[in-house]
Amino acid sequence: MDDLYRDYILEHYRRPHNFGVLDAPTATFEGANPLCGDRITMQLGIRDGVVAEIAFTGRGCAISQASASLLTDEIMGMPVEKAEAFRADDLLELLGIDISPARLKCAMLSLETLEHALAETPGASDAALDAALDAAPVEAAASTEPANS
Amino acid sequence: MTVTTNPAEGTASAGAITTRRVAAGALDPHALRADFPILRREINGHPLVFLDSASTSQKPDVVIDTVSDYYRAYNANVHRGIYTIGEEATAAYEAARAKVARFVNAPDSHEIVFTRNATEAINLVSYSWGRRNIGRSDTIVLTEMEHHANLVPWQILVQEKDGDLEFIPITDDGILRLDVFEVLLRLKPKLVAFTHVSNTLGTINPVREMVELAHAAGALVLVDGAQAVPHLPVDVQELGCDFYAFSGHKMLGPMGSGALWARRELLEAMPPFLAGGEMIREVHLRRSDFNDVPWKFEAGTPAVGDAIGLGVAADYLDGLGMAAVRQHERELVAYALETLGREVPGIELYGPMDPDLRGGVIPFNLPGIHPHDVAQVLDRSGIAVRAGHHCTMPLHERLDLAATARASFSVYSTTEDIDALVIGLVEVQQVFGE
C-alpha cells in the first residue's frame, strides 16, 4: 500500500496555501512537466533580501500541487540566501511521504520553478543561477492556466 | 515443456491450443487466462488486474517457453552456421517469418521484415523509402490522432527534405474527417500515413476506403497497425495498403519483436536502412552488393528467439480466431462504456461511443483528479491502467486535455476486470472527496 495520499497532502491539494497571484511580483516563472501536464506558476515578492511574498497558481496532480503549497509556506518570509540553498532533500523532508521514482518529477516541479524564479530576480546571486541551471530542465510553459482543476 | 525436435514446426502445445480454441468457437477469456502466468500474480494483496494491454500485452506460456527453448536447445546465429543448431535456428527464424506473413495474409513471406517494434518499422520506411522519394515541397498526409511513432519520423524527414506535413482532422468524438482528407488529397501527397486503430481513443479507421482514396490521388499508404494486429483480423491484401507496421510485443509476442510488411517491389527498390552483416551479398573495400529482401533490411544479428516467439504468438492468436478476438473485445468495450458511464459519477469518457467503431481502448478522466493520481490509487488494488498522454500529445492538445487515464484490453481481459476498475475508481473518488 502506498502512503502518498496522507490527509495533510490531500488537504494541501484541495485547499492549497498561497494560491493566487501577487499585485507586484519581482519575479514570475512558469514551469511545466509536459509529460504529465503539471503546471506551476511561481511568483516572488522580494524586499530587503527577504522573500516577503510568494504565491503560485497551477494545475496538476495532487503531489505537484500539495508540494507547491507546502513549499511556498516554508519559503514565505525566508531570507533569499536561505531560499536559494533550499534543496530537493529539504522538500522531500517537508513532504514527509515516500515518493516513488516515477512521481519524483511531480514533487520537484514546485522547487524547480522556485529556483528559476529566484534566478530571474534582478540581482540574483551566482548561487541562485547555479541552482536554476542544476535543476532538472523545467520547460517554460507558454500559456497560463490558473485553475486548479 | 519438452524441447521440440523440429523448431521450425513450432511448439507442440501451441498446436494443442489451436485445436481447443477453434472447437470452442467463441473466445472464453476465463479459460485462456490460465495460459498467462503473470495473471496469477498478486499486487498489494490483490490479483493483478492488467488493463494496459495497449501499452504491451502479457505473454502466454507457449511464447515464454518457445523463447526459453530456443536459448536452451538451439541458440545459434542465423544464416551462418554450417552445423546442426545453426541450421535449426535459421529454419525456426524463417518459419516464424512465414507464420507472421500468414497471420496478416501477406502474399509472400519475403515481404515481412523483422524489426524491434512498429516504431522501428515506420522509421525503416521513413529513412529508406522516405529519403529516396520525398523531396522539396512534397507532401505527406498524416492525421491528428497519430502516435508519436507515426509522426516524429515524418517531421524529421520533411524538415531534412524541406517537404510538408498535412493532417486529417478529427471530430470531437475522435472520428477522422474524410471530407477534409479528400480535400488534402488535391495537394497530391506522395504518402498518406495513418493508424489503423487509435492507441488513445480506440477509433477503428476505415483503412480500405482511405487507401482507395489515397491511391486514386497517386499516394502510397503506410498503416500503423500496432493496435490492430493484436485485436482484429488484418489482411494486408484486402486493405490494399503499401506498408503495414506492427509490434510483436502488443500481440502476445516477446518484447523487442515487431515487423514491417511492404509490397515486394517497394522493398526491392528501397535502399538499405541499417548496414552491416547479414544485409550484404558481397563486400569489397569500396563497395558492396546487398542481400535480397527481406534480409537487406535486417543488418546484424537479429533477435532470433524473439522472432520465433512472435511466430508462436501469431499461431496462438490464429488459434483463437481473430474474428472471435474482435467480438470479445467489442463486447468488453460496450460493457465498459456502459458500466463506467453508469457507475462512476461524473466520469468523462472520450472517443467514439459506438463499440463497432472502437477497439479495446477506453480513455477517461475523473473531474478534478489528475490521471496520475487515479493510476496511483488504482495500483493499491492491483489495477494497472496507463496515465499520461499515451504518446499522442497533439491529440490531447486537440481535445484540450492535459492528460488522460486509459484502460485497454486483450484476449485475457474480462468483464470482471472492468468491474474491478469501477470499484477502484469509486475508491479513488472517495480518497479525493471532501
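How much area is buried between chain A and chain B? About 1,600 Å² is buried there, and carbon and sulfur atoms give 50% of that area. Keep in mind as you look around that this is a predicted model.

## Where the two chains meet

Let's start at the contact between the chains. On one side, 22 residues of chain A take part, and they are in contact with 18 residues of chain B. Which salt bridge can you look for here? R103(A) forms a salt bridge with D373(B), and their closest N and O atoms are 2.9 Å apart. The count of salt bridges between chain A and chain B is one. Polar contacts add to the picture: 10 residue pairs are in polar contact between chain A and chain B, with both residues of a pair at pLDDT 80 or more. Which elements of chain A give two or more residues to the side that touches chain B? They are α1 (7–14) and α2 (62–75) of chain A. The largest share of that side comes from α1(A), with three residues.

## A look at chain A

Now turn to chain A as a whole. Its secondary structure comes to six helices and four strands. If you follow the sequence from its start, the elements of chain A appear in the pattern α-β-β-β-α-α-α-α-α-β. Chain A has 149 residues, and buried residues make up 52% of them. On the outside, chain A exposes about 6,800 Å², with carbon and sulfur atoms supplying 53% of that area.

How do parts of chain A that are apart in sequence come together? Take the contacts in chain A between residues at least 6 apart in sequence: 65% of these join residues at least 24 apart.

## Salt bridges to find

Over all chains, the count comes to 29 salt bridges. Here are three of them to find in the structure.

| Pair | Closest N to O distance |
|---|---|
| R15(A) and E11(A) | 2.9 Å |
| R97(B) and E298(B) | 2.8 Å |
| D356(B) and R330(B) | 2.5 Å |

Begin with the pair in chain A, where the side chains of R15(A) and E11(A) meet in a salt bridge. Is R15(A) buried or partly exposed? R15(A) counts as partly exposed because its relative accessible area is 45%. E11(A) is partly exposed too, with a relative accessible area of 33%.

Next comes R97(B), which forms a salt bridge with E298(B). This pair links distant parts of the chain, 201 residues apart. R97(B) sits in helix α4 (residues 84–103) of chain B, while E298(B) sits in the loop between β12 (288–290) and α11 (304–320) of chain B. Why does R97(B) count as buried? Its relative accessible area is 0%, and buried means under 20%. E298(B) is buried as well, at a relative accessible area of 4%.

The last pair in the table is D356(B) and R330(B), whose side chains meet in a salt bridge. D356(B) lies in the loop between β13 (348–349) and β14 (361–365) of chain B, and R330(B) lies in helix α12 (residues 322–343) of chain B, so the pair ties together parts that are 26 residues apart in sequence. D356(B) counts as partly exposed, at 46% relative accessibility. R330(B) is also partly exposed, with a relative accessible area of 24%.

Some salt bridges share partners, and in this way E11(A), R14(A) and R15(A) are joined into one network.

## Two more spots in chain B

First, find S408(B) in strand β17 (residues 404–408) of chain B. Is S408(B) buried or exposed? S408(B) is buried, because its relative accessible area is 0%. A polar atom of the side chain of S408(B) lies 2.8 Å from the backbone nitrogen of A54(B). Leaving aside neighbours within four places in sequence, S408(B) is in contact with several residues, among them F50(B), L51(B), D52(B), S53(B), A54(B) and V361(B).

Then look at the surface. Which residues make a nonpolar surface patch of about 230 Å²? They are Y127(B), V152(B) and I156(B). Of these, I156(B) is found in helix α6 (residues 152–161) of chain B. I156(B) is partly exposed, with a relative accessible area of 39%.

Note on methods. Residues are numbered from 1 along each chain as its sequence is written. Chains are lettered from A and ligands numbered from 1 in the order in which they are written. This is a predicted model: local features need pLDDT of at least 70, side-chain atom pairs count only at pLDDT 80 or more; totals for chains, interfaces and linings use all residues. Side-chain values use heavy atoms; hydrogens and water are left out. Patches are made of residues with over 30% relative accessible area and no salt bridge: like charges are joined within 9 Å, nonpolar side chains (Val, Leu, Ile, Met, Phe, Trp, Tyr) within 5 Å. Accessible areas come from the Shrake-Rupley method with a 1.4 Å probe; for residues, only the protein chains shown count as cover. A salt bridge is a side-chain nitrogen of Lys or Arg within 4 Å of a carboxyl oxygen of Asp or Glu. Buried means under 20% relative accessible area, exposed over 50%, partly exposed in between (1.4 Å probe, protein chains only). A polar contact is a pair of N or O atoms within 3.5 Å; within protein, one must be able to donate a hydrogen and the other to accept it, and residues adjacent in sequence count only if both atoms are side-chain atoms. Contact means heavy atoms within 4.5 Å. Buried area is the accessible area (1.4 Å probe) that two parts lose on being put together, summed over both.
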